[in-house]
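This note sets out remarks on the structure shown below, for a colleague working at the bench. Please read it alongside the sequence and the coordinates.

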Amino acid sequence: MANKTWLITGTSTGFGRSLATLLAQKTDLNLVATARHTDQLDYLDQYDHGQIQKLTLDVTDQAQIKDVVKAVKDRFGTIDVLVNNAGLGYFGTFEESDRDAVRYMFDVNVWGLVDMTRAVLPIMRQQRNGIIVNFSSIAGLFSFPTTSFYHGTKYAVEGLSESLAKEVGELGIKVMLIEPSGFRTDWAGRSSQKAMPAIDDYAEFKGSIEWNEQTAHHEDGDPDKAAEIIYDQVTNHADTLPLRLPLGKFATDMAIDKYTKTLADFKQLHDLSASADQPEK
Ligand SMILES: NC(=O)c1ccc[n+]([C@@H]2O[C@H](COP(=O)([O-])OP(=O)(O)OC[C@H]3O[C@@H](n4cnc5c(N)ncnc54)[C@H](OP(=O)(O)O)[C@@H]3O)[C@@H](O)[C@H]2O)c1
C-alpha cells in the first residue's frame with residue numbers, strides 16, 4: 001500500500017513539532033512539515049529525508065498555501081491527512097482587546113484553517129479519501145473571562161468543522177476536532193499577546209492574565225502524548241474517528257460538565273422553547 005501523506009501547519013514548536021517528530025520516525029508515511037521559517041525545522045534533519053518535505057508556510061498567505069499544496073502533490077502525489085495546527089492566543093477583556101491584533105488571530109486560527117482546507121479538499125475529494133484534523137481547544141466548547149476573542153476563533157473552528165464533516169462524509173473525508181486543555185507548548189507564552197486591563201472595572205482580571213503568563217510551560221498536558229493519541233486515532237481508528245476529541249483531564253471534565261449542564265437547561269426550557277413555533281396545522 002502506498003504511503004499516506006500527512007501535511008501539518010505550524011511545526012516549529014508545540015503540538016505541531018511533537019506530531020512532526022513522531023511522524024518523522026515512521027517509515028510507512030510521508031511527512032510534510034510546514035513552518036513560517038523552515039530554519040526552525042532543523043530538529044527533523046536526523047530523520048530520513050526521502051519521506052520528509054519541509055516547506056515554508058504562513059497560513060495567512062494564500063499564494064504560499066497554493067504553492068505548498070502543489071509542491072506536495074508534485075512530490076508525493078497525494079495529501080491524505082491535513083493537520084490544521086497553526087494558531088495564536090490573545091488575553092484581554094472583551095472591551096479592551098486590540099481590534100487589529102484579534103482580527104489577525106482570526107486570520108490565523110480561522111481563515112488560515114479555512115484556506116488550507118479549501119486548498120486540500122479538491123485532492124481529497126478526487127481521492128474519495130482523507131482526514132482533516134482541526135485544532136480547536138476546550139476553549140471551543142467552554143468560555144473563560146479574558147479570552148473572549150480566542151473563544152470566538154475556536155467556536156468558529158467548531159462550527160465550520162461540524163458542518164464540513166456533514167458535507168464531505170459521504171465523499172470519504174472525515175473531520176476531527178482536537179480540543180486540548182492547557183498543554184506545555186509556546187501557546188500561552190510567545191504565541192499569545194496580552195492586554196492588561198486598564199479600566200478599573202476590570203482590574204480583577206489582571207490576576208488571571210498574569211497567572212496564565214506565569215504558568216506558561218508548566219501546564220499539565222504533554223504534547224508528545226497528544227501527538228501519539230492523534231496519530232493512533234488517525235492510523236488505527238479512522239473508521240470510528242470522533243468528531244470531537246478533548247485532550248487532557250481538564251478538557252474532558254469541562255466538556256462533560258458543560259454538556260451535562262447545558263442539556264439540563266435545554267430540557268428544563270423544552271416546552272417554552274417549543275412554544276415559539278407556529279401553531280400546528
Ligand atoms: N497549548 C495549549 O494549551 C493549547 C490548548 C488548546 C488548543 N491549542 C491550539 O493548539 C494549536 C498549536 O498551538 P501550540 O499549543 O502548539 O502553541 P505553539 O507552540 O505556540 O505553536 C503555535 C504554532 O503555530 C504557528 N503559527 C502561528 N502563526 C502562524 C501563521 N500565520 N502561519 C503558520 N504558522 C503559524 C507557530 O509558528 P511560529 O514559530 O512561526 O510562530 C507555531 O509553530 C493552536 O491552534 C492552539 O490554539 C493549544
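The numbered points that follow take up the annotation, the ligand site, the nonpolar core and several individual residues.

1. The model is predicted. The unreviewed UniProt entry carries the annotation "domain: Ketoreductase" for residues 4–181. Within residues 4–181, helix accounts for 43% of the chain and strand for 21%. The C-alpha atoms at the two ends of this stretch lie 29 Å apart.

2. The ligand is surrounded by 31 residues, of which Ser12, Arg36, Tyr150, Thr185 and Ser191 are the closest. Sorted by class, this shell comprises 12 nonpolar, 14 polar and five charged residues.

3. Which residues place polar atoms 2.9 Å from an oxygen atom of the ligand? Asparagine 85 does so with a backbone N or O atom, and arginine 190 with a polar side-chain atom. Glycine 14 also belongs in this account: a polar backbone atom of glycine 14 is 3.4 Å from an oxygen atom of the ligand. On its own the ligand has 890 Å² of accessible area, and the protein covers 98% of that area. Helix H1 (14–24), helix H3 (99–127) and helix H4 (148–168) are the elements that each give two or more residues to the shell.

4. Arginine 190 has a further partner. Its side chain makes a polar contact of 2.8 Å with the side chain of aspartate 186. Aspartate 186 is placed in the loop between E7 and strand E8 (192–194). Aspartate 186 counts as buried because its relative accessibility is 17%, and the cut-off for buried is under 20%.

5. The largest nonpolar core holds 33 residues, and Trp6, Leu31, Leu44 and Val133 touch the most other members. Among the elements that give two or more residues to this core are the strands E1 (4–8), E2 (29–35), E4 (81–84), E6 (130–135), E7 (173–180) and E9 (244–247). Helices H1 and H6 (223–236) are also listed as such elements. H1 gives the most, with six residues. As general background, nonpolar side chains tend to be buried together in soluble globular proteins.

6. Two backbone angles merit inspection. Most residues other than glycine have a negative phi. Arginine 128, in the loop between H3 and E6, has a positive phi near 55°. Threonine 146 likewise is not a glycine and has a positive phi of about 75°. Threonine 146 is found in the loop between E6 and H4 and, at 7% relative accessibility, counts as buried.

7. Is valine 120 buried or exposed? Valine 120 lies in helix H3 and is buried, because its relative accessible area is 1%. Between the C-alpha atoms of valine 120 and lysine 166 there are 17 Å, and the two residues are 46 residues apart along the chain.

8. Serine 163 is found in helix H4. Serine 163 is described as partly exposed because its relative accessible area is 38%, a value to be read against the limits of 20% and 50%. From serine 163 to histidine 217 the C-alpha to C-alpha distance is 34 Å, with a sequence separation of 54 residues.

Conventions
Residues numbered from 1 in each chain as written. Predicted model: local features only at pLDDT ≥ 70, side-chain atom pairs only at ≥ 80, totals over all residues. Heavy atoms only, no water. UniProt positions renumbered as here; feature names shortened; annotations may be inferred. Helix = DSSP H or I, 4+ residues; strand = E, 2+ residues; numbered from the N terminus. Near = heavy atom within 4 Å. Polar contact = N/O pair within 3.5 Å; in protein donor to acceptor, adjacent residues only side chain to side chain. Areas by Shrake-Rupley, 256 points an atom, 1.4 Å probe, with all protein chains shown as cover. Nonpolar A, V, L, I, M, F, W, Y, C, P; charged D, E, K, R; others polar. Core = buried A, V, L, I, M, F, W, Y, C linked by side-chain atoms within 4.5 Å. Buried < 20%, exposed > 50% of the residue type's maximum accessible area, 1.4 Å probe, protein only.
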